[in-house]
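I opened a fresh page today and went through one chain with a short list of things to look up. Here are my entries, in the order that made sense to me.

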Amino acid sequence: MRAARRLVSPSISLFPFLSVLVCMIGAIILIALGIAPASLQSAKQRIRIKVERSTGSHNKAPIFLECRGDSAVSMDRRYAFAREPEENVIGEAEWSGTPFTDFLNSLATDSEYVLFIVRPEGLTTFWRLRAIVVKRDEAKCTRTVVVQETLANRTWEALPRSLRARLGFGEHQMQFVGAMSSQDRDALRQAFATPEAQAAVDRLYEKSDSVKAQWVDYGSELIPSDWQLAEDER
């Protein structure tokens, strides 16, 4: 008996800004759909997952990192990361100097992203490495401009949720995480009433364009310990 499923998920950017829950691409694999539980139990050693390197609709190729125990290893064995050296990365200013952060800095972010394949016993490793990706993106890809005008609550709530998740305000400051789309820029300009604030939106849009080469997308798939992985050789 064989069950197979593609492990490539669309890429979605992550925005932990303003206490918004991080969005993860990928989902728990339901490979066993259509297989009776008793049959699945007796055949679990023969279940094999075929991993395809299709880029799907998002035009990025995944680098598969399998999290098992205290390490994460790429399926082609080119990369291996232990959890321990990465424990104290969060909060570092430069986000470099460890094997995993150096790996993230070397990614071709316009054509590659990280896809974590997570075994139950590798959850702690996954949480650590994922936190590094999220916090690194936020630290390296946040842009700030000065703005004097504030938004009323009703105006703020009228903005698209995806825009609010990446937008923040401080004292006479406006911040944005990631690269702003032209649609986000237009929606934010319309929210402000003064030409000065609208010009600040334009400056923020221009600044955010510089983060495209630094932003790392990621995805995740959770699979049982006993299921075997095999890459598609096409």
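**Charged pairs**

I started with Asp137, which is buried, at a relative accessible area of 1%. I should jot down straight away that this is a predicted model. Next I looked for a partner and found Arg136, which forms a salt bridge with Asp137, with 3.3 Å between the closest N and O atoms. Is Arg136 buried or exposed? Arg136 counts as buried, because its relative accessibility is 2% and the cut-off for buried is under 20%.

I then looked up a pair with more open surroundings on my list, Arg78 and Asp76, whose side chains meet in a salt bridge at 4.0 Å, N to O. Arg78 counts as exposed at 60% relative accessibility, while Asp76 is partly exposed, with a relative accessible area of 35%.

My third pair was Asp186 with Arg185, a salt bridge whose closest N and O atoms are 3.2 Å apart. Asp186 counts as partly exposed, at 33% relative accessibility. I also noted a network: Glu66, Arg68, Arg119 and Glu121 are joined into one by salt bridges that share partners. How many salt bridges does the structure hold? I wrote down 13. A reminder to myself: side chains of opposite charge can pair when their charged atoms come close.

**Helix H6**

I moved on to helix H6, residues 182-191, and asked which residues are buried there. I found Asp184, Leu188 and Ala191 buried. They lie on the same side of H6, because they cover an arc of only 50° around the axis. On the face turned away from that buried side I found the exposed residues Gln183 and Gln190.

What covers the buried residues of H6? My list includes helices H4 (153-158), H5 (161-164) and H7 (195-208), along with strands E7 (167-170) and E8 (173-177).

I also checked Ala187, which has its place in helix H6. Ala187 is partly exposed, because its relative accessible area of 22% falls between the 20% and 50% cut-offs. Leaving aside neighbours within four places in sequence, I found Ala187 in contact with Leu159, Pro160 and Leu163. I took one distance as well: from Ala187 to Val201 it is 9.9 Å, C-alpha to C-alpha, with their positions 14 residues apart in sequence.

**Cysteines**

I searched the whole structure for disulfides and got 0. I looked up two cysteines while I was there. Cys67 counts as buried at 0% relative accessibility, and Cys141 counts as buried at 0% too.

**A nonpolar patch**

On the surface I came across a nonpolar patch formed by Leu123, Trp127 and Leu222, with about 250 Å² of accessible area together. Where is Leu222 found? I placed Leu222 in strand E9, residues 218-222. Leu222 is partly exposed, with a relative accessible area of 32%; that value meets one condition for a patch, because patch residues need over 30%.

**The whole chain**

I finished with the totals. I counted 7 helices and 10 strands in the chain. Of the 234 residues, 43% are buried. The accessible surface of the chain comes to about 12300 Å², and carbon and sulfur atoms own 49% of that. Last, I looked at contacts between residues at least 6 apart in sequence: 75% of these join residues at least 24 apart.

Conventions: Residues are numbered from 1 along each chain as its sequence is written. This is a predicted model: local features need pLDDT of at least 70, side-chain atom pairs count only at pLDDT 80 or more; totals for chains, interfaces and linings use all residues. Side-chain values use heavy atoms; hydrogens and water are left out. Patches are made of residues with over 30% relative accessible area and no salt bridge: like charges are joined within 9 Å, nonpolar side chains (Val, Leu, Ile, Met, Phe, Trp, Tyr) within 5 Å. Accessible areas come from the Shrake-Rupley method with a 1.4 Å probe; for residues, only the protein chains shown count as cover. Helices (H or I, at least four residues) and strands (E, at least two) are DSSP runs, numbered from the N terminus. Buried means under 20% relative accessible area, exposed over 50%, partly exposed in between (1.4 Å probe, protein chains only). The arc is that of the directions from the helix axis to the C-beta atoms. Contact means heavy atoms within 4.5 Å. A disulfide is a pair of cysteine sulfur atoms within 2.5 Å.
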